[in-house]
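Open the model in your viewer and keep a selection tool at hand. The stops below go from a pocket to the cores, then to the whole chain and a single residue.

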Amino acid sequence: LLLLDRGKHAESEQAFEAAFALWEKLADEFPDDPWYRFDLARARHNRGIVLTDLGKLAEAEKALLAGREIRKDLVARQENHPAHRHYRQHLGTSHTGLARLYRQRGEAAKAEAAHRKAVAVYEELHENFPDNAEYSAELGDSYCNLATGPNLLGQRAAAEAAFHEAIKLHEPLVKEFVDNAD
């Protein structure tokens, strides 16, 4: 992603290809170690984000869907693993990445559905871990994304409700940050 930020698109894609080869090899050689699959999913997701930014939307969708499927599998298979909630969190990230891609393609209904899936993931995490500020922030961000989506632009009441949920989640985080700034 650093290469992309510096405008080195070709080098960025080469780096992702090298990462895929490494993570796929490790995931194949150590199928009982979920971290290699997790890293493979992250590499695919990040490549999908890069391709979305480059406007290569068909390739981006394939990469994002591949990353999401690995993450869904990790969540399903690793329910008792200590990192299970971490896998769920990144599944929410996958849904958000896909929503962004669908929005860019003008597929409002798909974008809204993906945002709703992200909200559902983060709602569960927030409910189970209410003191985790990161989950609260991600849930609030997901509500903001849902409210600003093109499908809700004509639906003022639904957009306002989503924004109010985001504010309810973000306000305590801002207060906590300000109170602890000293």
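A pocket here is an open set of grid points where a 1.4 Å probe fits, with protein on both sides within 12 Å along at least five of seven lines. The model is a predicted one.

**Stop 1: the pocket.** Select His45, Asn46, Ile49, Thr93, Thr96, Gly97 and Arg100, which line the largest pocket. The space inside this pocket comes to about 150 Å³. Helix 3 (34-53) and helix 5 (84-104) are the elements that give two or more residues to the lining. Which of the elements gives the most? Helix 5 does, with 4 residues. Colour the lining by residue class and you should get 5 polar, 1 charged and 1 nonpolar.

**Stop 2: the main core.** In soluble globular proteins, nonpolar side chains tend to be buried together. Here the largest nonpolar core has 29 residues. Select Leu40, Tyr87, Leu139 and Tyr143, the members with the most contacts inside this core. Two or more residues each come from helix 2 (9-29), helix 3, helix 4 (57-77), helix 5, helix 6 (108-128), helix 7 (133-148) and helix 8 (156-179).

Now centre on Tyr87. Beyond its neighbours within four places in sequence, Tyr87 is in contact with Pro34, Trp35, Phe38, Leu74, Val75, Gln78 and His81.

**Stop 3: the second core.** Next, select Leu51, Leu57, Leu64 and Leu98. They are among the 11 residues of a second core, separate from the largest one.

**Stop 4: the whole chain.** Zoom out and switch to a cartoon view. How many helices and strands does the protein have? There are 8 helices and 0 strands. The radius of gyration is 17 Å, close to the 16 Å that the globule rule gives for 182 residues, so the protein is as compact as a globular protein of that length. Along the principal axes, the C-alpha atoms fill a box of roughly 45 × 40 × 35 Å. Of the 182 residues, 41% count as buried. Among contacts with a separation of 6 or more, 58% join residues 24 or more positions apart.

**Stop 5: Ser142.** Finally, select Ser142, in helix 7. Is Ser142 buried or exposed? Its relative accessibility is 3%, so Ser142 counts as buried, the cut-off being under 20%. Show its surroundings: leaving aside neighbours within four places in sequence, Ser142 is in contact with Thr96, Ala118, Val119 and Tyr122. Thr96 has already appeared on this tour, in the lining of the largest pocket.

How values were computed:
Residues numbered from 1 in each chain as written. Predicted model: local features only at pLDDT ≥ 70, side-chain atom pairs only at ≥ 80, totals over all residues. Heavy atoms only, no water. 1 Å grid on protein atoms, 1.4 Å probe; cavity = no way out; pocket = protein on both sides within 12 Å on 5 of 7 lines; lining within 4 Å. Points joined across faces, edges and corners; volume = space filled by probe spheres on them. Nonpolar A, V, L, I, M, F, W, Y, C, P; charged D, E, K, R; others polar. Core = buried A, V, L, I, M, F, W, Y, C linked by side-chain atoms within 4.5 Å. Buried < 20%, exposed > 50% of the residue type's maximum accessible area, 1.4 Å probe, protein only. Contact = heavy atoms within 4.5 Å. Rg over C-alpha atoms; globule rule 2.2 N^0.38 Å.
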